[in-house]
Every structure is written in C-alpha cells, then in structure tokens.
Amino acid sequence: MKILITGADGQLGKEIQNLFVKDGIEIIPYGKKQLDITNRKEVNAVLNQHQPNVIINAAAFTKVDLCEVEIEKAYLVNAIGPFNLAVEAKKMDCRFFHISTDYVFNGEKNTPYEVDDFTSPNTIYGKSKKLGEELVLAINEDSTIIRTSWLYGHKANNFVNTMVNLSNKLDEIKVVDDQIGCPTYTKDLVLILQSLLNEKPGIYHVTNLGKCSWYEFACEILQFLNRKSKIIPVTTKEYGAKTPRPMYSVLSNKKLVDLQIHQRDWKEALHEFLRKEYGN
Ligand SMILES: NC(=O)c1ccc[n+]([C@@H]2O[C@H](COP(=O)([O-])OP(=O)(O)OC[C@H]3O[C@@H](n4cnc5c(N)ncnc54)[C@H](OP(=O)(O)O)[C@@H]3O)[C@@H](O)[C@H]2O)c1
C-alpha cells in the first residue's frame with residue numbers, strides 16, 4: 001500500500017512519517033517545498049506520478065492570528081488545497097484522509113462536541129477549516145475527516161514546548177484558565193489514524209481523553225519537569241489575545257468507543273512525551 005503525505009514537514013506530518021511503519025506500507029512524504037497543495041497542476045502531477053492508495057493531508061495554515069490578516073491564504077491553504085486533493089483522490093479511487101480542528105466549533109457548548117454537531121467557527125482559521133471539510137465531503141463523500149485539538153509533538157512550535165522554554169527564562173508565566181479543551185500527543189493521533197485506515201469514511205474526533213484548561217495543562221507540564229516558575233491563572237479577557245479562541249472545545253470520543261479504538265488519558269500521554277523530550 002502506498003500512502004502519500006502532504007504537509008510532511010509539519011508537526012503532525014513528521015510524526016506520521018516516524019510512526020507509520022507497517023509491513024507492506026510505502027510512505028511518500030511531500031513537504032510544502034515539494035508540493036504546494038493550493039497548486040492544482042502540481043497536485044495532479046504528483047498524484048499521477050505516484051498513484052497512491054491513500055492520501056493524508058497534514059498540510060494547513062495553522063497560525064490562528066495570522067489567518068485573520070492573511071485571509072486569502074487561509075482559505076487557499078485550508079479549503080482550496082484540501083479540495084484539490086479530494087478531487088484527484090476521487091479520480092484515482094484513492095482514500096483521502098484530511099485533518100481538521102476543534103476550531104470549527106464556536107465553543108459555546110459545555111459538553112463534548114459530537115461529530116455531527118453544528119459547526120459555527122468564530123475565526124478565519126476555523127471558517128477556512130470548516131469550508132475545507134465541506135468542500136472535501138462535497139466532492140468526495142468517501143473522504144475521512146479527522147478533527148483533533150491542542151496538538152503537541154516533537155520539536156515543534158506548540159504549547160508544551162513553549163511552556164518549557166518560558167520556564168527557562170521567566171519566574172512567572174500567565175496562562176488562560178477559562179478555556180477548556182483536550183491536549184493531544186501527535187503520537188496518539190497517528191496511532192489512531194492508522195486504525196482508521198481500516199474503518200469506514202466519515203468524520204471522526206481523535207484526541208487524548210479528558211479535559212483541562214490551558215492553566216491546568218501548563219501546571220502539569222512544569223510540575224512533571226520540576227520547573228520552579230509560577231503559573232498565574234488569568235481570564236481570556238485579562239490575557240487579551242488578538243483572535244478569539246473557543247472557550248470549550250472538548251471533542252466527543254463516542255465514535256471511537258463504538259469502534260473499540262483505545263485512547264489514552266491526556267496526562268499519561270503528556271508524561272510520556274515529556275520523559276522522551278526532556279528526559280524526566
Ligand atoms: N497544532 C494544533 O494545535 C492543531 C489542533 C487541531 C488541529 N490541527 C490540525 O492538524 C493538522 C496538522 O497541524 P500541525 O500542528 O502539524 O501544523 P503545522 O506544524 O503548521 O504543519 C502544517 C504544515 O503544512 C505546511 N503548509 C502550509 N501551506 C502549505 C501548502 N500550501 N502546501 C503544502 N503544505 C503547506 C506548513 O508549511 P509552513 O510551516 O512552511 O507554512 C507546515 O509544514 C492541520 O490540519 C491543523 O489544522 C492542529
């Protein structure tokens with residue numbers, strides 16, 4: 001089986017390459033420099049060259065604040081790019097897996113979001129990702145969409161690594177305490193993605209288990225690593241981020257439970273990551 005990965009140089013793309021080792025699977029990684037998913041001709045040429053059985057789209061414009069400014073780019077990368085891939089996948093009868101986000105929801109619920117809950121994003125990033133999902137399913141209903149949240153992995157620009165870096169420099173770190181979600185280790189996402197290769201197409205929510213605030217997440221990171229910096233809880237308003245974030249974005253795991261696909265608690269996954277990356 002041949003699996004082509006787009007956005008292969010990103011946080012998730014790299015983890016897919018590291019972990020996707022199964023007998024009989026050939027991985028074909030394409031980073032942005034080799035394949036710009038917004039370029040239909042390039043997409044067509046690369047896919048025709050390789051004729052993969054599966055495409056996994058890990059490419060995205062993920063900088064939430066920048067998406068508010070570079071609106072056209074956000075829609076091109078997060079909506080038109082996935083559409084281009086879905087069109088070609090359909091033509092060559094190849095399975096298409098597209099990664100999406102908790103930001104497609106408005107965050108106004110206080111119970112976990114189900115896969116078929118109404119999507120009503122508050123940001124350009126969320127809106128462009130929502131449109132990406134819709135275009136993909138419109139052109140190719142046999143696609144699989146995987147929504148995840150609060151992702152962290154090896155040597156990437158993510159919350160965990162940022163907190164560790166800040167704790168090297170600051171005695172006090174202010175962290176938002178009124179946004180609730182679920183951290184997800186890229187390794188856990190990729191292992192479940194592997195299991196989903198054998199499941200029906202559709203929308204899936206894939207995160208670690210449980211929930212926390214960013215403040216609780218930060219405390220767990222620094223406590224585990226015995227860092228001395230004090231974490232100061234602040235409200236979203238006090239923190240004053242440029243772009244709104246969902247206040248609650250826990251994704252329901254009901255569909256994975258029904259399929260008997262195992263997920264780990266977020267703390268267990270985080271501890272493994274910290275031990276591996278920071279040697280505790
Ligand atoms: N990170 C999170 O917390 C999080 C949470 C929920 C869902 N997700 C979703 O998970 C997926 C993977 O995210 P990630 O954390 O791995 O993001 P990432 O590290 O930013 O990786 C995305 C990759 O896509 C590349 N890319 C950008 N524009 C492209 C284009 N036109 N053609 C091809 N590649 C392009 C980026 O390259 P450049 O960096 O050079 O632009 C980057 O290498 C995304 O779909 C994201 O929406 C992420």
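What follows is a conversation about the ligand site and one helix pair in a predicted model.

Modeller: Residues are numbered from 1 along each chain as its sequence is written, and side-chain values use heavy atoms, with hydrogens and water left out. Because the model is predicted, local features need pLDDT of at least 70 and side-chain atom pairs count only at pLDDT 80 or more, while totals for chains, interfaces and linings use all residues.

Colleague: What makes the pair formed by Leu-12 and the ligand a polar contact?

Modeller: A polar contact is a pair of N or O atoms within 3.5 Å; within protein, one must be able to donate a hydrogen and the other to accept it, and residues adjacent in sequence count only if both atoms are side-chain atoms. A backbone N or O atom of Leu-12 lies 2.8 Å from an oxygen atom of the ligand, so the pair meets the cut-off of 3.5 Å. For Asp-36, a polar side-chain atom lies 2.8 Å from a nitrogen atom of the ligand.

Colleague: Why are helices H4 and H5 called roughly parallel?

Modeller: Helices here are DSSP runs (H or I, at least four residues), numbered from the N terminus. H4 (residues 71-91) and H5 pack at an angle of about 15°, with their axes 8 Å apart, where axes are lines fitted to C-alpha atoms over the stretch in contact and angles run from 0 to 180 degrees between N-to-C directions. Angles under 35 degrees count as roughly parallel, over 145 as roughly antiparallel, 65 to 115 as roughly perpendicular and the rest as oblique; H4 and H5 are therefore roughly parallel to each other.

Colleague: Which element gives the most to the shell around the ligand?

Modeller: Strand E4 does, with three residues.

Note on methods: Helices (H or I, at least four residues) and strands (E, at least two) are DSSP runs, numbered from the N terminus.
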